[in-house]
Amino acid sequence: MKKTVIIISSILLIMLTSFVIYILLQSKKTDNAVETISILNNNYDNETNNEISEDKSNQSTDVVINDKKDNDKQNKKKNKSNKNRIYKEVNETVYAITTVHIREKDDIKSSIVTTLSLGDILKRTAVGSNGWSKVKYNNITGYISTQYISKEKPPKQEKVILNVDSNRKIDPSKPMVALTFDDGPNPNSTPEILKTLEKYKCVATFFDVGKCMKSYPQITQKEEAIGCEVGSHTYAHKNLDTLSKDEILEDIKMAEDIYKETLGHDLTLVRPPYGDANSTVKLTLNYPLINWDVDTMDWKTKDKESIIAEVNKIGNLDGRIILMHSIYKSTADAVAKLVPQLLKQGYELVTISELAKYKQIELKTHTSYWGFK
Ligand SMILES: [Zn+2]
């Protein structure tokens, strides 16, 4: 009997010890997992500082109609508040701070009465608790999303004098396309892209990041020396939508300074990181904001053939702006094949300013562009 009790006790003791060891091992494993995730996050942070990618797969032209884009996101929230909407009567002059619709009702699905442009003056007669304002524009009454109007007069959209080299021979009857490269300069892949452009006597536009320009000024200088256009992709490649007006101004000032220090003249074109430019960004930046209408997805696939396939699936490229990044070897490889292919198809490869000129698009400050078709 005594023997049986000892055996059972021993078994129980072994089971208890095993359980304790198992629990200890599990907690160690979790610690490792947490550590791995934190290392991954750190790497990601470092990567976003140096090698940054766009994440805009399919920007449609309706992004300029801001009330649709943003209100869709908040639709659910607003539908809820719409049920209890309260309007406070006012009588004041306000301005449209972007391209925006006046709608029949205070609902994103309601029909459009008219479309306003930046700077249009209107009367506000009531402010709603649901994010809408009741307005009068000429003889029209309707509702407008409150975030796109302001009591403060917005800056004027001024025409920009384009930086076009008049010595370059361009045949205006040919179809034209603009290759654009972001996030560089990069010492490994940007010179390779420049070599291809030089070989075929072609030009492109580089939207260089200020702090990369600071590290490799000679690459940015080479871009311009071979006839390419250089714009700014901001100083630190932050998403401008997340910054305050002062933070945006601080970044662009640093970008302007390093640009002038590197190239000896003033900046004229800006591409906001990720193509993101909300109304605060547009009102703050005194530049045309140049986006794209063909995304090669090079930042995602990092595959030469996929990059070329993305361009080929578009069909007619006349007037298009193609997005690529000058920081990947795969992009440089794709460019070596893509450039002669486009030339063979009869395209003229031009800079952004040349494309705007020949497509008769007046580039204005405080305005976003998604291609010149
Ligand atoms: Zn970028």
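**Helix packing and loop geometry in the predicted model**

The secondary structure of the chain amounts to 12 helices and 15 strands. The structure described here is a predicted model. Of the 373 residues in the chain, 37% count as buried. Contacts in the chain reach far along the sequence: among those between residues at least 6 apart, 76% join residues at least 24 apart.

A good place to begin is the pairing of two helices, α10 (residues 304-312) and α11 (residues 329-344). Their axes come within 8 Å and cross at roughly 50°. The two helices are therefore oblique to each other, and the crossing in which α10 passes α11 is right-handed. On the α10 side, the contact is made by K304, I307, I308 and V311, which meet S330, T331, D333, A334, K337 and L338 of α11. Sorted by class, the residues of this contact comprise 5 nonpolar, 2 polar and 3 charged.

Helix α11 also takes part in the surroundings of a further helix, α4 (residues 190-199). The buried residues of α4 are T190, I193, L194 and L197. These four lie on the same side of α4, because they cover an arc of only 100° around the axis. The partners against which the buried residues of α4 pack are strand β8 (176-182), helix α6 (217-225) and α11.

The loops flanking α4 have backbone features that merit a look. Ahead of the helix, P185 lies in the loop between β8 and α4. The peptide bond joining G184 and P185 is cis, with omega at about -5°. On the other side, α4 is followed by K201, whose phi is positive, near 50°. K201 takes this positive phi although it is not a glycine, and its place is in the loop between α4 and β9 (205-208). Is K201 buried or exposed? With 11 C-beta neighbours inside 10 Å, K201 counts as exposed, since a residue is exposed if it has 12 or fewer.

A second positive phi in a residue other than glycine belongs to M297, at a value near 60°. M297 sits in the loop between β12 (294-295) and α9 (298-301). Its environment holds 19 C-beta neighbours inside 10 Å, so M297 counts as partly exposed. The cut-off for a buried residue is 20 or more.

The last site to consider is V350, found in the loop between β14 (348-349) and α12 (352-358). Although V350 is a loop residue, it has 25 C-beta neighbours inside 10 Å and therefore counts as buried. Which residues does V350 touch, leaving aside those up to four places away in sequence? They are I170, M176, A178, V203 and L355. Of these contacts, M176 and A178 fall within the residue range of β8 (176-182), the strand against which the buried residues of α4 pack. V350 also brings together distant parts of the sequence: V350 and A204 are 146 residues apart along the chain, yet 6.1 Å apart in space, C-alpha to C-alpha.

Technical notes
Residues numbered from 1 in each chain as written. Predicted model: local features only at pLDDT ≥ 70, side-chain atom pairs only at ≥ 80, totals over all residues. Contact = placed C-beta atoms within 7 Å. Axes fitted to C-alpha atoms, helices over the stretch in contact; angles between N-to-C directions. Parallel < 35°, antiparallel > 145°, perpendicular 65-115°, else oblique. Left-handed = near helix turned anticlockwise from the far one by under 90°. Nonpolar A, V, L, I, M, F, W, Y, C, P; charged D, E, K, R; others polar. Arc of directions from axis to C-beta.
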